[in-house]
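Here are my notes on the model, set out as numbered points for you to follow with the coordinates open. Please read them alongside the sequence.

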Amino acid sequence: QVVTPEPGWVGDVVVPLREVLASALYAAVALRIIQRIVRATPPMRRTLAPVLVAAALHAVLLPVAFALRRSDAAPESVVTTLWVLAAGLPIVAIAFLVGAAQRRATMGAALYRLAPRLQAGPTPEQLTGLLADALDDPSLEVIYRGGHRDWFDDAGGPVSLPPPGAGRDVTVICVAGNEVAAIVHDEAWTEERGFVEAIGSFAVMGLTNQRLAAQVEASLHELRRSRERIVAAADDERRRIERDLHDGAQQRLVALRIKLELAEELSCSQGLPDADQLHQLGEDVGEALDEVRALAHGVYPALLIGGGLDDALRAAARHSPVPASVAITDVGRQPPQIEAAVYFCCLEAMQNAAKHANAKALAIVVSDGDALRFSVSDDGCGFEAGELTGGRGLVNMRDRVAAAGGTLVVTSAAGRGTSVAGTIPHPAL
């Protein structure tokens with residue numbers, strides 16, 4: 001274009017050489033992309049696939065276009081069309097853009113699939129499988145940092161990091177600046193370290209949540225066991241006090257009353273003036289004996305030990321200051337802890353109704369099915385939900401039922417009475 005006329009060697013040498021070099025360059029680019037695809041990760045393959053198609057098309061059509069341009073027999077429309085197809089640089093650029101967008105979408109989809117699976121609390125073995133699926137790397141391993149800068153697998157065995165040139169690479173996961181885990185993966189993922197770190201952070205977060213949930217569950221289990229031990233110890237102490245009252249003070253009072261009756265009969269037969277005093281002493285001892293019996297019954301009723309809930313609740317209803325009806329359906333003997341929880345909750349609810357509700361009638365219902373259920377309802381004045389202060393009696397009821405593994409619900413409304421209902425599941429066999 002600079003000289004006029006153009007020397008013949010330009011058309012004979014420079015132009016063909018340019019065409020050969022351009023064709024070779026595009027062919028080399030296509031081969032290089034093929035090499036990258038062979039060694040690339042699945043997301044990178046998806047990125048390079050559109051580029052490979054465009055580059056290969058360009059590499060094939062460009063020599064054809066050069067040849068047709070030199071042929072006088074080629075129609076002008078064909079040459080023009082082939083040049084348009086051969087001008088593939090914009091097409092290659094667009095292919096890069098499409099591949100990059102597809103790669104980001106693939107990685108996002110992998111994270112999207114992984115997140116809900118981690119919420120299910122996978123085991124360390126399952127976690128390795130989930131990460132291998134997300135990275136499409138069956139040989140992936142997850143290792144954990146030990147206390148002496150050593151690495152361990154999920155079974156606790158020591159592991160060594162892969163040496164250079166082994167075709168494997170390591171991405172370390174840090175939390176608050178501390179190394180906690182690492183992902184051993186195919187070295188093809190080295191260029192995608194950010195994505196691997198994101199996957200690993202998801203995994204560490206899942207393991208952390210799982211560990212915290214296990215710790216909370218263990219604490220709750222220990223709390224339940226502690227509550228059970230406290231309630232069981234209190235019931236054991238109640239039973240001991242009841243036995244001591246029955247076998248000790250009560251028996252002594254009975255013996256003393258018999259002695260006073262004998263002394264009274266002797267005084268009457270001999271006409272002694274202290275007969276009336278002995279009779280009054282006998283009456284006082286009888287009253288003291290009744291009080292001791294009532295106290296022993298309140299501490300832990302013997303009927304609950306011998307006859308179960310049915311006998312104990314019916315006896316409590318007979319002595320209630322508020323008329324009470326008892327309906328017990330299909331309830332056999334239960335473990336002592338459960339019987340004590342139901343009995344004392346019902347007794348506390350009956351006492352509250354008599355003291356605070358001005359109730360005229362009580363209804364006690366106990367049934368057994370998929371769980372043991374009980375309720376104590378009254379027709380008293382009731383109260384609004386905000387007026388429930390959670391006194392000691394209510395706290396004791398909730399603790400007893402919770403110690404047995406159940407729940408307690410108190411419902412009330414002003415002028416509509418109060419209902420205390422509990423549900424205790426059957427203990428696991």
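1. Which residue in E5 does valine 142 stand opposite? The model is a predicted one, and in it valine 142 faces isoleucine 183 of E5. The pairing behind this contact joins strand E1 (141-145) to E5 through four bridges, with the two strands running antiparallel.

2. Strand E1 has a further neighbour in strand E2 (residues 151-152), to which it is joined by two bridges, again in an antiparallel arrangement. Within that pairing, tyrosine 144 has phenylalanine 152 of E2 as its bridge partner. E1 is also mostly covered, since four of its five residues are buried.

3. The cavity count for the model comes to one, taking cavities of 30 Å³ or more, and the space in the largest cavity is about 40 Å³. Its lining is made up of 10 residues, of which Val142, Ala181, Gly200, Ala203 and Val204 are the closest to the centre. Valine 142 therefore appears twice in these notes, as a residue that stands opposite isoleucine 183 and as one that lines the cavity, under the definition of lining as having an atom within 4 Å of a cavity point.

4. As to where the lining comes from, strand E1, strand E5 (178-186) and helix H6 (193-270) each supply at least two residues, and H6 gives the most, with four. By class, nine of the lining residues are nonpolar and one is polar, while none is charged.

5. Turning to the later strands, E6 (residues 324-329) and E7 (residues 362-368) run parallel and are joined by six bridges, and isoleucine 328 has valine 366 in E7 as its bridge partner. Please check the handedness here with care: E6, helix H10 (residues 336-356) and E7 make a β-α-β unit that is left-handed.

6. On the other pairing of E7, seven bridges join this strand to E8 (residues 371-378), and the two run antiparallel. Valine 365 has serine 375 in E8 as its bridge partner, and E7 and E8 form a hairpin in which two residues lie between the strands.

7. The largest nonpolar core holds 37 residues, among which Tyr343 and Phe374 touch the most other members. At least two residues of this core come from each of helix H9 (308-318), E6, H10, E7, E8, helix H11 (392-403) and strand E10 (418-425), and H10 gives the most, with 12 residues. A second core, separate from this one, has 22 residues and includes Met107, Ala110, Ala181 and Trp189; Ala181 is also one of the residues closest to the centre of the largest cavity.

8. Is alanine 404 buried or exposed? This residue is found in the loop between H11 and strand E9 (407-412), and it counts as buried because its relative accessibility is 16%, where the cut-off for burial is under 20%. The C-alpha atom of alanine 404 is separated by 9.5 Å from that of valine 342, although the two residues are 62 residues apart along the chain.

Methods. Residues are numbered from 1 along each chain as its sequence is written. This is a predicted model: local features need pLDDT of at least 70, side-chain atom pairs count only at pLDDT 80 or more; totals for chains, interfaces and linings use all residues. Side-chain values use heavy atoms; hydrogens and water are left out. On a 1 Å grid over the protein atoms alone, a cavity is a set of points where a 1.4 Å probe fits but cannot get out, and a pocket is an open set with protein on both sides within 12 Å along at least five of seven lines; lining residues have an atom within 4 Å of a point. Grid points are joined across faces, edges and corners, and a volume is the space filled by probe spheres set on the points. Ala, Val, Leu, Ile, Met, Phe, Trp, Tyr, Cys and Pro count as nonpolar, Asp, Glu, Lys and Arg as charged, and the others, Gly among them, as polar. Two strands pair if DSSP finds at least two bridges between them. A crossover is right-handed if, with the strands pointing away from the viewer, the path from the first strand over the helix to the second runs clockwise. A nonpolar core is a set of buried Ala, Val, Leu, Ile, Met, Phe, Trp, Tyr and Cys residues joined through side-chain atoms within 4.5 Å. Buried means under 20% relative accessible area, exposed over 50%, partly exposed in between (1.4 Å probe, protein chains only).
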